[in-house]
Amino acid sequence: MVSGLSNGRRLPTAVKIVIAGGFGVGKTTMVGTVSETAPLRTEEILTDQSVGVDDVSGVEKKQTTTVAMDFGRITIRDEYVLYLFGTPGQERFWFMWDEVSLGALGAVVLADTRRLSECFPSVDYFERRGTPFIVAVNCFEGARRFDLEEIQQALNLGPSVPVMLCDARRLDSCKETLINLVLHAMKIRGLPATEPQNV
């Protein structure tokens, strides 16, 4: 987190947030939905060369994939500027996670109940790093609904890790998810935080 003064006025605090999760879980969609600027995307078309390399089971209609990261920005009540970094989901790009996650306040791990095991690597990664995170279950059409307690148990999460529903296509849902993450991460890190009333 970085803040400062300009002409006697306090500048918004810059906060780095990571959006993580498995392949095809909605990371690019979430960054694009919530970003107040045109998001930076590093998507490439899936080709036959990825057959046998990328597991597309459950997301067979997906035609593109992130090969580096997604980047976006959102300002919350002129107090915080959240810089959003979406990680690539495929195993062959996991080597980039360290760079993308460096200096992050916390992370949102997106989950898809049709392929819940896909978010285990992200959960394990942030647990090992000691990075505060929440799990946001992206509500895909036609996906089976589970109680949040069931998902928490299935992912073997401790009671201190928040689990919530979200819709990566809806701005209000994405904002709520990010606010919950920031409040959770600041609490875990022992930083003062007040819940934004106007975003």
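Guide: In this predicted model, a salt bridge requires a side-chain nitrogen of Lys or Arg within 4 Å of a carboxyl oxygen of Asp or Glu.

Visitor: Why is Lys-16 described as having no salt bridge?

Guide: The nearest side chain of opposite charge, that of Glu-99, is 7.4 Å away from Lys-16. The cut-off is 4 Å, so this pair does not qualify. Lys-16 is nevertheless buried.

Visitor: What lies 2.8 Å from a polar atom of the Lys-16 side chain?

Guide: It is the backbone oxygen of Val-100. Val-100 is also among the residues in contact with Lys-16 outside its sequence neighbourhood of four places, a list including Tyr-83, Phe-85, Glu-99 and Gly-106.

Visitor: In which strand is the place of Lys-16?

Guide: Lys-16 belongs to strand S3, which spans residues 13-21.

Visitor: What makes strand S3 mostly covered?

Guide: Eight of the nine residues of S3 are buried. That term applies under 20% relative accessible area, and therefore these eight each fall below that limit.

Visitor: How do you know that S3 and S7 pair?

Guide: Two strands pair if there are at least two bridges between them; S3 and S7 (residues 80-86) have seven, and so they pair, in the parallel sense. Within this pairing, Thr-13 stands opposite Tyr-80 in S7.

Visitor: How many bridges join S3 to strand S8?

Guide: Five bridges join S3 to S8 (residues 106-111), and these strands also run parallel. Since the requirement is at least two, S3 and S8 count as paired. Ala-20 stands opposite Val-109 in S8.

Visitor: How many salt bridges does a search of the whole structure find?

Guide: The search finds six. One of them joins Arg-129 and Asp-98.

Visitor: What makes the contact of Arg-129 and Asp-98 a salt bridge?

Guide: The N to O distance is 3.6 Å, which is within 4 Å, and the pair therefore qualifies. The two partners come from distant parts of the chain, 31 residues apart: Arg-129 in helix H3 (residues 120-129) and Asp-98 in helix H2 (residues 97-101). Arg-129 has a relative accessible area of 36% and is partly exposed; Asp-98, at 45%, is partly exposed as well.

Visitor: How do you know that the side chains of Arg-115 and Glu-118 meet in a salt bridge?

Guide: Their N to O distance is 3.9 Å, so the pair also meets the 4 Å criterion. Arg-115 is called buried because its relative accessible area of 9% is under 20%. Glu-118, at 26%, is partly exposed.

Visitor: How far apart are the closest N and O atoms of Asp-172 and Arg-170?

Guide: They are 2.6 Å apart, and the two residues form a salt bridge. Asp-172 is partly exposed at 45% relative accessibility, and Arg-170 is partly exposed at 43%.

Visitor: How many disulfides does the structure hold?

Guide: The structure holds zero disulfides.

Visitor: Why is Cys-139 too far from the closest cysteine sulfur for a bond?

Guide: That sulfur, in Cys-166, is 6.5 Å away, whereas a disulfide needs sulfur atoms within 2.5 Å; hence there is no bond. Cys-174 likewise has its closest cysteine sulfur in Cys-166, at 6.2 Å, too far for a bond. Cys-139 is buried, with a relative accessible area of 17%, and Cys-174 is buried at 0%.

Visitor: Why is Asn-156 called exposed?

Guide: Its relative accessible area is 65%, and the term applies over 50%, so Asn-156 qualifies. Asn-156 is found in the loop between H4 and strand S10 (163-166).

Visitor: What phi does Asn-156 have?

Guide: Asn-156 has a positive phi of about 55 degrees, although it is not a glycine. Most residues other than glycine have a negative phi.

Visitor: Why is Ala-154 called partly exposed?

Guide: Its relative accessible area is 45%, which lies between 20% and 50%, and the intermediate term therefore applies. Ala-154 is found in helix H4 (residues 148-154).

Visitor: With which residues is Ala-154 in contact, leaving aside neighbours within four places in sequence?

Guide: Those residues are Leu-116 and Phe-120. The C-alpha atoms of Ala-154 and Leu-116 are separated by 8.4 Å, while the two residues are 38 residues apart along the chain.

Key. Residues numbered from 1 in each chain as written. Predicted model: local features only at pLDDT ≥ 70, side-chain atom pairs only at ≥ 80, totals over all residues. Heavy atoms only, no water. Helix = DSSP H or I, 4+ residues; strand = E, 2+ residues; numbered from the N terminus. Buried < 20%, exposed > 50% of the residue type's maximum accessible area, 1.4 Å probe, protein only. Contact = heavy atoms within 4.5 Å. Lys, Arg positive; Asp, Glu negative; His and termini not counted. Polar contact = N/O pair within 3.5 Å; in protein donor to acceptor, adjacent residues only side chain to side chain.
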